[in-house]
Amino acid sequence: MTKEKTFKTIFPAVSVPLNDDDTINEKEFREYLRWIKTFYNKGIQGLVVNGHTGEITGLTAEERIRTIEIAAEECGDIMTIISGINCESTNGAVQMAKDAKTAGADGILLMPPHMWLRFGMHKDAPFEFVKDVAEGADIDIIIHLYPAFTKAFYPVETLIKMCKEIDHVKCIKVGTRVTPIYEHDIRLLREECPDISLITCHDETLAVTMFTGVDGALIGFAGCVPEIICEAWDIFKNPDKHTLKEAQDASDRIYPISQAIYGGGQPSGEAHARLKEALVQRGVFSSGLMRKPVLPLNQEEKDWIAEGLKKSGLGKVDMTEFKK
């Protein structure tokens, strides 16, 4: 099978299992990726390592590179491998992107410098940042759009300029999280930049944000319950072959586990811990340990996960065939 790089698909932002001593459990990570790979061409044609779900800010530089290498070894023959990039300086982001490319990444998910969340930014800084990273690393980019209520949000005019003037920009992970702005910007980007992939990252309201007509999703949720995410995506991707009732039914199935993990709010460190606990309860991971300062879940939270999985009809995964 010949690999075809794509930015129009469901990208699971994968979690990273840890050992009791806080090191990466590479054996279990590989088994997990082999399971995810079985959903190739069922809706998933790529994956993301070093996303927020993958604890990018808690991993060392060496660990981030290692997760890319493992993902490329296990899935890179057919799947598009993307690595998150989170750095406070342009030069640092360029180097991280170069390292990702060397390790086997086909593209990067470029997050804004997090200092912008606190202090804001010059209106021209986002364009220059993305342009410099694209040129410096010579790698394709998914723009990570932060929520509209943060100081690191890129206005749609800035996004259009990026898409039209920076060739390496192939996709926008649209995380607006303010519905009127989200729909307005999706529609305008469709008109102005028809060749750019627009994908939702709203794990907590997935079906609602797919309704606008997106090209896929980049979500941690897809690395936890890929069966029902792929089912929903088939419906929204091929509306002529399905009914509104089927879309509503798919949304209803997603809702209980979505509520258990995200509780109606956007993803957070605690939500990522709940997602990892769901993988434990499904038999995919042996431990739900997260890097501190994210704290362990209490029993009540674990019970929420169990109830959400039950209501969504999601049982244990037989991992036997993925253990080598």
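This briefing walks through the core, a helix pair, a buried strand and several single residues. The model is predicted. Its largest nonpolar core holds 112 residues. Within that core, W35 and I172 touch the most other members. Strand β3 is largely enclosed by the rest of the structure.

**The core and helix α1**

- In general, nonpolar side chains in soluble globular proteins tend to be buried together.
- W35 is one of the two residues that touch the most other members of the largest nonpolar core; the other is I172.
- Setting aside neighbours within four places in sequence, W35 is in contact with ten residues named here in two groups: G223, C224, P226 and E227, then L279, R282, V284, V317, M319 and F322.
- E31 sits in helix α1, which covers residues 26-37.
- Is E31 buried or exposed? Its relative accessible area is 3%, so E31 is buried.
- With neighbours within four places in sequence left aside, E31 is in contact with M319, F322 and K323.
- M319 and F322 also appear among the contacts of W35.

**Where two helices cross**

- Helix α10 spans residues 244-262, and helix α11 spans residues 269-281.
- Their axes come within 8 Å and cross at roughly 130 degrees.
- An angle from over 115 up to 145 degrees counts as oblique, and α10 and α11 are therefore oblique to each other.
- Which residues meet at this contact? From α10 come A260, I261 and Y262; from α11 come A271, R274, L275 and A278.
- Six residues of this contact are nonpolar, none is polar and one is charged.

**A strand covered on both faces**

- Strand β3 covers residues 80-85.
- Why is β3 described as largely enclosed by the rest of the structure? Six of its six residues are buried, so the description follows.
- In a regular strand, side chains alternate between the two faces of the sheet.
- On one side of β3, T80, I82 and G84 are buried.
- On the other side, I81, S83 and I85 are buried as well.
- Strand β2, residues 46-49, runs parallel to β3, and four bridges join the two.
- Across this pairing, V49 stands opposite S83 in β3.

**A buried loop residue**

- A152 lies in the loop between β5 (140-145) and α6 (156-165).
- The relative accessible area of A152 is 0%, so A152 is buried.
- What does A152 touch, not counting residues up to four places away in sequence? Its contacts are P112, W116, L117, M121 and Y146.
- A152 and H114 are 38 residues apart in sequence. In space, their C-alpha atoms are 7.7 Å apart.

**Backbone details in loops**

- A cis peptide bond joins K292 and P293, with omega about 25 degrees.
- P293 is found in the loop between α11 and α12 (299-311).
- D22 is not a glycine, yet it has a positive phi of about 80 degrees.
- D22 lies in the loop between β1 (10-12) and α1.
- Relative accessibility is 30% for D22, so D22 counts as partly exposed.
- N41 is not a glycine either, and its phi is positive, at about 65 degrees.
- The loop that holds N41 lies between α1 and β2.
- Relative accessibility is 53% for N41, so N41 counts as exposed.

Key:
Residues are numbered from 1 along each chain as its sequence is written. This is a predicted model: local features need pLDDT of at least 70, side-chain atom pairs count only at pLDDT 80 or more; totals for chains, interfaces and linings use all residues. Side-chain values use heavy atoms; hydrogens and water are left out. A nonpolar core is a set of buried Ala, Val, Leu, Ile, Met, Phe, Trp, Tyr and Cys residues joined through side-chain atoms within 4.5 Å. Buried means under 20% relative accessible area, exposed over 50%, partly exposed in between (1.4 Å probe, protein chains only). Contact means heavy atoms within 4.5 Å. Axes are lines fitted to C-alpha atoms, for helices over the stretch in contact, and angles run from 0 to 180 degrees between N-to-C directions. Angles under 35 degrees count as roughly parallel, over 145 as roughly antiparallel, 65 to 115 as roughly perpendicular and the rest as oblique. Ala, Val, Leu, Ile, Met, Phe, Trp, Tyr, Cys and Pro count as nonpolar, Asp, Glu, Lys and Arg as charged, and the others, Gly among them, as polar. Two strands pair if DSSP finds at least two bridges between them.
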